[in-house]
Amino acid sequence: FKLDRQAATLRLARLAEGTMVEDDGPPFGPTQIVWPQEIDGVVEHGCTLIWLHGMGGSADLSVQVAERLDMRWCKFIFLGAPLQPVSVLNGSVTTSWFDIDTLN
């Protein structure tokens with residue numbers, strides 16, 4: 001399954017809105033959302049950052065990034081890659097956005 005740019009853009013928009021549908025393709029792994037925090041009694045949403053972790057990573061571990069950056073005005077969407085076999089790991093199953101067949 002491959003997403004073209006238009007399909008990927010639509011899928012991410014639906015994810016951000018919470019309106020994913022079954023036709024959007026294979027599911028992501030677990031997704032975490034960190035919402036903007038209150039600053040001086042006001043919640044100000046200044047940006048949205050969509051974060052993709054590295055091979056073998058997870059959305060859960062990536063949430064620590066939001067805490068360290070201290071960007072309280074930012075909405076973070078941490079997507080989790082699906083579990084799939086990775087050729088460079090001799091077909092071992094891990095979280096990966098795509099197959100990697102060589103490190104060269």
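Where along the chain is the place of Trp97? This tour of a predicted model ends at that residue and begins with the whole chain.

**Stop 1: the whole chain.** Show the chain as a cartoon and color it by secondary structure. You should find 2 helices and 7 strands. Follow them from the N terminus, and the order reads α-β-β-β-β-α-β-β-β.

**Stop 2: the surface.** Switch on the surface. The accessible surface of the chain is about 7,300 Å², and carbon and sulfur atoms account for 54% of that area. Of the 104 residues in the chain, 23% are buried.

**Stop 3: contacts across the sequence.** Consider the contacts between residues at least 6 apart in sequence: 56% of these join residues at least 24 apart.

**Stop 4: Trp97.** Select strand S7, residues 92-95, and move on to the segment after this strand, where Trp97 is located. Is Trp97 buried, partly exposed or exposed? Trp97 counts as partly exposed because its relative accessibility is 27%, and the partly exposed class lies between under 20% for buried and over 50% for exposed.

**Stop 5: the surroundings of Trp97.** Leaving aside residues up to four places away in sequence, select the residues that Trp97 touches: Phe28, Leu52, His53, Leu79, Gly80, Ala81, Pro82 and Gln84. Next, pick the C-alpha atoms of Trp97 and Leu83. These two residues are 14 residues apart along the chain, and their C-alpha atoms are separated by 8.6 Å.

**Stop 6: one polar contact.** Keep Trp97 and His53 on display. Which part of His53 does the side chain of Trp97 reach? The partner is the backbone oxygen of His53, at 3.0 Å.

Note on methods: Residues numbered from 1 in each chain as written. Predicted model: local features only at pLDDT ≥ 70, side-chain atom pairs only at ≥ 80, totals over all residues. Heavy atoms only, no water. Helix = DSSP H or I, 4+ residues; strand = E, 2+ residues; numbered from the N terminus. Buried < 20%, exposed > 50% of the residue type's maximum accessible area, 1.4 Å probe, protein only. Contact = heavy atoms within 4.5 Å. Areas by Shrake-Rupley, 256 points an atom, 1.4 Å probe, with all protein chains shown as cover. Polar contact = N/O pair within 3.5 Å; in protein donor to acceptor, adjacent residues only side chain to side chain.
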